Amino acid sequence: AAALASWRVVLGIGVVATAVGATFAATAMSTADASCEKSVSLINGVSVAGIALATGIAVVVASVRQRQAERIAELSKLASVAQQAVLRPLGPQVGTLSVAGRYISSTATAEIGGDLYEALDTPYGVRMIIGDVRGKGLDAVRLASIVLGSYRHVAFERTDLRAVVADLDRAVARSVGDEDFVTAALVEERGGTLTIVNCGHPPPLLLRRGAVIPLEPP
């Protein structure tokens with residue numbers, strides 16, 4: 001019970017178990033011979049005390065486990081809210097393009113991560129970014145917010161996508177550890193032409209006439 005239930009349920013089960021143990025002890029005492037009554041009394045007393053002690057330990061274990069579970073749930077909720085604040089809803093129209101975004105976690109245990117995306121209507125056409133930060137949790141969300149915050153600024157300031165990438169690289173370099181990194185693909189649509197800069201990310205896919213074409217720039 002301590003591994004699954006709340007401490008109140010564990011306490012209730014322990015009280016019932018102690019009462020049952022005490023009942024058995026009283027029954028054994030009433031049927032015991034006078035010569036062994038003292039021995040039976042000692043054994044039953046130790047048994048009932050053991051049940052009560054186990055109940056106390058189980059209640060403490062259940063209480064600690066419940067507090068940890070509540071703390072993990074609170075942190076997960078906080079990270080989820082932070083991620084929703086970072087990943088603003090896309091579309092349905094950005095510039096001349098119809099745009100939609102959908103976030104699907106790769107696993108049920110990795111709902112909060114460093115995935116990022118944005119689409120902006122800039123003086124240089126519609127510019128989009130999709131990327132992934134190494135790791136999961138609040139640290140990954142924090143780094144994703146740095147990337148997107150920088151992108152939302154420099155996408156309007158730089159005429160060349162490579163200059164946008166250089167600015168993002170400098171912003172990330174100031175905020176990461178030795179083993180942290182971000183992969184990203186940037187796409188610009190200007191006058192019917194797509195320009196792509198890919199920084200280690202899986203290539204964007206173009207669906208055209210029923211065929212899926214990976215867009216892999218040099």
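A salt bridge is a side-chain nitrogen of Lys or Arg within 4 Å of a carboxyl oxygen of Asp or Glu. This predicted model holds nine such salt bridges, and the tour visits several of them after the helices at the start of the chain.

**First stop: helix H1**

Select residues 7-31, which form helix H1. Its 25 residues reach 36 Å from the first C-alpha to the last, close to the 36 Å expected at 1.5 Å a residue. Colour Val10, Gly14, Thr18, Gly21 and Ala25 next; these are the buried residues of H1. An α-helix has 3.6 residues a turn, so residues three or four places apart point the same way.

**Second stop: residues 42-64**

Move on to residues 42-64, where an unreviewed UniProt entry places the feature "transmembrane region". The chain over residues 42-64 is 100% helix and 0% strand, and the C-alpha atoms at the two ends are 33 Å apart.

**Third stop: Glu118 and Arg88**

Show the side chains of Glu118 and Arg88, which form a salt bridge with their closest N and O atoms 2.7 Å apart. Glu118 belongs to strand E3 (residues 113-122), whereas Arg88 lies in the loop between helix H2 (37-86) and strand E1 (93-94). The pair links distant parts of the chain, 30 residues apart. Is Glu118 buried or exposed? Glu118 counts as buried because its relative accessibility is 5%, below the 20% limit for that class. Arg88, with a relative accessible area of 39%, is partly exposed. Add Arg152 to the selection: salt bridges that share partners join Arg88, Glu118 and Arg152 into one network.

**Fourth stop: Arg127, Glu188 and Arg190**

Select Arg127 and Glu188, whose side chains meet in a salt bridge at 2.8 Å, N to O. Arg127 is in strand E4 (residues 125-136) and Glu188 is in strand E5 (residues 182-190), so this pair ties together parts that are 61 residues apart in sequence. Arg127 is buried at 0% relative accessibility, and Glu188 is buried with a relative accessible area of 5%. Now include Arg190, which also forms a salt bridge with Glu188, the closest N and O atoms being 3.2 Å apart. Arg190 counts as partly exposed, at 40% relative accessibility.

**Fifth stop: the nonpolar cores**

Which residues of the largest nonpolar core touch the most other members? Select Leu116, Ile129, Tyr151, Leu168 and Leu186, which hold that place among its 24 residues. The elements giving two or more residues to this core are E3, E4, helix H3 (138-154), helix H4 (161-173) and E5. H3 supplies the largest share, eight residues.

Centre the view on Leu116. Leaving aside residues up to four places away in sequence, its contacts include Leu87, Ile129, Ile130, Val133, Ala144, Val147, Leu148 and Val182. Gly131 and Asp132 are also among the residues that Leu116 touches.

A second, separate core has six residues, among them Ala5, Val10, Val59 and Ala62. Val10 was already coloured at the first stop as one of the buried residues of H1.

**Last stop: the hairpin of E7 and E8**

Finish at strands E7 (residues 205-208) and E8 (residues 211-214), which run antiparallel and are joined by four bridges. Select Leu206 and look across to E8, where Ile213 stands opposite. Two residues lie between the strands of this hairpin. Select Arg209 there; Arg209 takes a positive phi near 55°.

Methods
Residues numbered from 1 in each chain as written. Predicted model: local features only at pLDDT ≥ 70, side-chain atom pairs only at ≥ 80, totals over all residues. Heavy atoms only, no water. UniProt positions renumbered as here; feature names shortened; annotations may be inferred. Buried < 20%, exposed > 50% of the residue type's maximum accessible area, 1.4 Å probe, protein only. Pairing = 2+ DSSP bridges. Core = buried A, V, L, I, M, F, W, Y, C linked by side-chain atoms within 4.5 Å. Contact = heavy atoms within 4.5 Å. Expected span 1.5 Å × (residues − 1).
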